[in-house]
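Here's a quick briefing to keep open next to the viewer. It goes topic by topic, so dip in wherever you like.

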Amino acid sequence: MTNTKTRLKRLQLADALRPYPSPEAAAVPRGGWLRAIREALGMTQSQLGARAKISRQSVQDFERAEADRRITLESLDRLARAMGCRMVYALVPESGSVDALLERRALALAEAMLQPADHSMKLEAQGVTGPERERQHRLLADTLLNGSPRKLWQ
């Protein structure tokens, strides 16, 4: 994929993710979303089970499975619909955007690539100044960002 297409896909993804809050802002309630929404609606497990055509025990099992992060998306969607809700599924970058994730990865990789040479140069009293080191670090990171994104993850 060309760099232009890759950048376009990242811009489109950034637009698609804009409505979602940060992961911290969307923290899962202690007992899970199913239980929190069901209780907020004043609905019992038996009532939800009847609407979803499953037993009360199954609702309890699904709520526990969601709280333990082992529920299937299909089950979560089915119960959400039974409560008049929509299940929304998204992967939200932990901080910032996909571009910010790529930049942090490029900077970390550039640091790892520069470290051995930097160490050897210092041992031979040929180390570069702080600003020059930072310039080299940024230049290498930019080069990595402008290349194939796949190389960032090798």
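**Loops, pocket, cores and a few side chains**

R69 sits in the loop between α4 and α5. Keep in mind that this is a predicted model. R69 has a positive phi, near 60 degrees, even though R69 is a residue other than glycine. The rest is sorted by topic below.

**Two loop residues with positive phi**

- R69 counts as exposed because its relative accessible area is 75%, and the cut-off for exposed is over 50%.
- K53 is another non-glycine with a positive phi, here about 60 degrees.
- You'll find K53 in the loop between α3 and α4.
- K53 is exposed too, with 72% relative accessibility.

**The largest pocket**

- The volume of the largest pocket comes to about 1000 Å³.
- Its lining is made up of 29 residues, and V28, W33, E66, L76 and V88 are the ones closest to the pocket centre.
- Three elements each give two or more residues to that lining: α2 (33–40), α4 (56–67) and α5 (73–82).
- What is the split of the lining into nonpolar, polar and charged residues? There are 23 nonpolar residues, two polar ones and four charged ones.

**Nonpolar cores**

- The largest nonpolar core has 12 residues, among them L34, M43, L48, I54, L76 and L79.
- Helices α3 (45–52), α4 and α5 each supply two or more residues to this core.
- Which element gives the most to this core? That would be α5, with three residues.
- Setting aside residues up to four places away in sequence, L79 touches L34, L48, A52, I54 and F62.
- There is also a second, separate core of seven residues, and A106, L109, A110 and L152 are included in that one.

**E63, a buried charge in α4**

- E63 belongs to helix α4.
- Is E63 buried or exposed? E63 is buried, because its relative accessible area is 5% and buried means under 20%.
- The E63 side chain makes a polar contact with the side chain of R38, at 2.5 Å.
- Beyond its neighbours within four places in sequence, E63 is in contact with G31, L34, R35, R38 and Q45.
- So R38 turns up both as the polar partner of E63 and in the contact list of E63, while L34 from that list is also a member of the largest nonpolar core.

**H137 in α7**

- H137 is part of helix α7, which covers residues 130–146.
- With a relative accessible area of 9%, H137 is buried.
- Where does the side chain of H137 reach? It gets to the backbone oxygen of L107, at 2.9 Å.
- Leaving out neighbours within four places in sequence, H137 is in contact with L107, A110, E111 and L114.
- One of those contacts, A110, is also part of the second core.

**W153 after α7**

- W153 lies in the segment after α7.
- This tryptophan, W153, counts as exposed, at 55% relative accessibility.
- Not counting neighbours within four places in sequence, W153 is in contact with L102 and R105.
- How many residues lie between W153 and E66 along the chain, and what separates their C-alpha atoms? W153 and E66 are 87 residues apart along the chain, with their C-alpha atoms separated by 31 Å.
- E66 is also one of the residues closest to the centre of the largest pocket.

Conventions:
Residues are numbered from 1 along each chain as its sequence is written. This is a predicted model: local features need pLDDT of at least 70, side-chain atom pairs count only at pLDDT 80 or more; totals for chains, interfaces and linings use all residues. Side-chain values use heavy atoms; hydrogens and water are left out. On a 1 Å grid over the protein atoms alone, a cavity is a set of points where a 1.4 Å probe fits but cannot get out, and a pocket is an open set with protein on both sides within 12 Å along at least five of seven lines; lining residues have an atom within 4 Å of a point. Grid points are joined across faces, edges and corners, and a volume is the space filled by probe spheres set on the points. Helices (H or I, at least four residues) and strands (E, at least two) are DSSP runs, numbered from the N terminus. Ala, Val, Leu, Ile, Met, Phe, Trp, Tyr, Cys and Pro count as nonpolar, Asp, Glu, Lys and Arg as charged, and the others, Gly among them, as polar. A nonpolar core is a set of buried Ala, Val, Leu, Ile, Met, Phe, Trp, Tyr and Cys residues joined through side-chain atoms within 4.5 Å. Buried means under 20% relative accessible area, exposed over 50%, partly exposed in between (1.4 Å probe, protein chains only). Contact means heavy atoms within 4.5 Å. A polar contact is a pair of N or O atoms within 3.5 Å; within protein, one must be able to donate a hydrogen and the other to accept it, and residues adjacent in sequence count only if both atoms are side-chain atoms.
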